Amino acid sequence: MSKLRVAVVGVGHLGQHHARIASQSPHATLVAVVDPGEARGREIAEKFGTRWVATLAEILPEVDAVQIAAPTGLHHALGLESLKANKHVLMEKPLAATLAEGQALLTALQAKPKLVAAVGHLERFNPAVKALSDRGFKPRFLEAVRVSPFPMRSLEVDVVMDVMIHDLDLLRALVGAPVVDVEAVGVPVLTPHADLVNARLKFANGAFATVTASRVAQKKERTLRAFADKAYAKLDFAAQKLELLGLVMGPNGPEIKNEQADIEEGEPLKLEIEAFHRACLAEGGETVTWEEGLEAMRVADQVQKAVARSLEEMLKGKVN
Ligand SMILES: NC(=O)c1ccc[n+]([C@@H]2O[C@H](COP(=O)([O-])OP(=O)(O)OC[C@H]3O[C@@H](n4cnc5c(N)ncnc54)[C@H](O)[C@@H]3O)[C@@H](O)[C@H]2O)c1
């Protein structure tokens, strides 16, 4: 089977990993990396045995697919350019900078039904998450925490679009129903945008979740607790660990059984990118769709609006 010809567009902090993984993918050939920064572009191209070009237009005729890891503000333009040239697209998250741009991408895609268009919600590919979904766990209440020390990057957006969006997508996928109601509070701490946000989500099937995202924590923590009927799951994204507790009938009556799921560790980004390559080659490979990417953005937008309302109230109350 012939390999997919790919270009990685934007080789900054995350794009360098896209280039590494694409260069090693058994399903793809990394034809080029694209970046307006020549020094950075050449450095990454040399490291992963490919060539550098400055613009997407130069390489589109030579590839089947693009992996876009350029700044979010450029997703819309780069995505439209790639679709117009009939290329499959893996777009980093969030799908676009605004809901209108995300919707425009989706509309353009609908005219190209043969193309694969994926969005980089990589936690879906975390082996611990996969282990939880494979068990058919039906959560009624979930609690997601994603906090880290101040990153000094991605500060042009708030913590919702940058960080919480991972959980907004994942929770909906785990619950299997859309979000119907959102309440949220949040505060700017070190930037003009909300750096710490807590949201409460209600899903169409009656499930609830609380989600906390912060980039002003002292330590990194990325965890999920999920509660179902007579069962409880505790997931650590970074350690790729899943602990399950359930009520079972023991020899002396009901007892709690504690199980550490057997997980084969894997790099979520690699699993995501290789699944995209396989999907483009029509060799299987599940991806997170642009519809799902836009849905996560819609919920993120509702969280941001609720945070803005809570801040207005706070200022009226003169907490400053
Ligand atoms: N999935 C995740 O967990 C995750 C993590 C980090 C970043 N991201 C996303 O990845 C994207 C990039 O983030 P980053 O932190 O790597 O940013 P970055 O600023 O480190 O890198 C962006 C790169 O894109 C290049 N670039 C700028 N204009 C370009 C253009 N027209 N064509 C090609 N390249 C261009 C820049 O020169 C830079 O090298 C963002 O959308 C971000 O939200 C996702």
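**Figure 1. Pairing of strands S7 and S10 in the predicted model.** Strand S7 (residues 141-147) and S10 are joined in the parallel sense over 7 bridges. Within this predicted model, Ala 144 stands opposite Val 211 in S10. Strand S10 itself covers residues 208-214 and is also joined to S9, by 7 bridges in the antiparallel sense.

**Figure 2. The hairpin of S9 and S10 and the pairing of S9 with S8.** S9 and S10 make a hairpin in which 4 residues lie between the two strands. In the turn, Gly 206 has a positive phi of about 95°. Across this antiparallel pair, Leu 201 is placed opposite Ala 209 in S10. S9 (residues 196-203) also pairs with strand S8 (residues 179-187), in the antiparallel sense and over 8 bridges. Here Asp 181 stands opposite Lys 202 in S9.

**Figure 3. The open mixed sheet of 8 strands.** The strand order is S8-S9-S10-S7-S11-S12-S13-S14, and the pairing is mixed. S8 and strand S14 (253-260) occupy the edges with a single partner strand each, so one side of each is left without a neighbour in the sheet. On average, neighbouring strands of this sheet are turned by 10° against each other, direction ignored.

**Figure 4. Helices H6 and H9 against the mixed sheet.** Helix H6 (residues 127-134) lies across strand S12 (231-236) and strand S13 (241-250), and runs at about 165° to S12. Helix H9 (residues 290-316) lies across S8 and S9. The angle at which H9 runs to S8 is about 45°.

**Figure 5. The open parallel sheet of 6 strands.** In this sheet the order is S3-S2-S1-S4-S5-S6, with parallel pairing. Strand S3 (51-53) and strand S6 (117-119) stand at the edges; each has a single partner strand, so one side of each is left without a neighbour in the sheet. The average turn between neighbouring strands of this sheet is 25°, direction ignored.

**Figure 6. The S5-S6 pair and the helices H4 and H8.** Strand S5 (residues 88-91) pairs with S6 in the parallel sense over 3 bridges. In this pair, Val 89 stands opposite Ala 117 in S6. Helix H4 (residues 75-84) lies across strand S1 (4-9), strand S4 (65-68) and S5, and runs at about 165° to S5. Helix H8 (residues 268-280) packs on the sheet as well, touching S1, strand S2 (28-34), S4, S5 and S6. The direction of H8 makes about 165° with that of S5.

**Figure 7. The contact between domain 1 and domain 2.** The domain assignment of the protein chain places residues 4-115 in domain 1 and residues 123-267 + 300-314 in domain 2. Taken over C-alpha atoms, the centres of domain 1 and domain 2 are separated by 29 Å. In the contact, 5 residues of domain 1 meet 5 residues of domain 2. On the side of domain 1 that touches domain 2, the residues comprise 2 nonpolar, 2 polar and 1 charged.

**Figure 8. The surroundings of the ligand.** The ligand is surrounded by 24 residues, of which the closest are Gly 10, Gly 12, His 13, Leu 14 and Glu 92. Divided by class, this shell holds 11 nonpolar, 8 polar and 5 charged residues.

Terms used: Residues numbered from 1 in each chain as written. Predicted model: local features only at pLDDT ≥ 70, side-chain atom pairs only at ≥ 80, totals over all residues. Domains from an automatic or database assignment. Contact = placed C-beta atoms within 7 Å. Nonpolar A, V, L, I, M, F, W, Y, C, P; charged D, E, K, R; others polar. Pairing = 2+ DSSP bridges. Near = placed C-beta within 6 Å. Axes fitted to C-alpha atoms, helices over the stretch in contact; angles between N-to-C directions.
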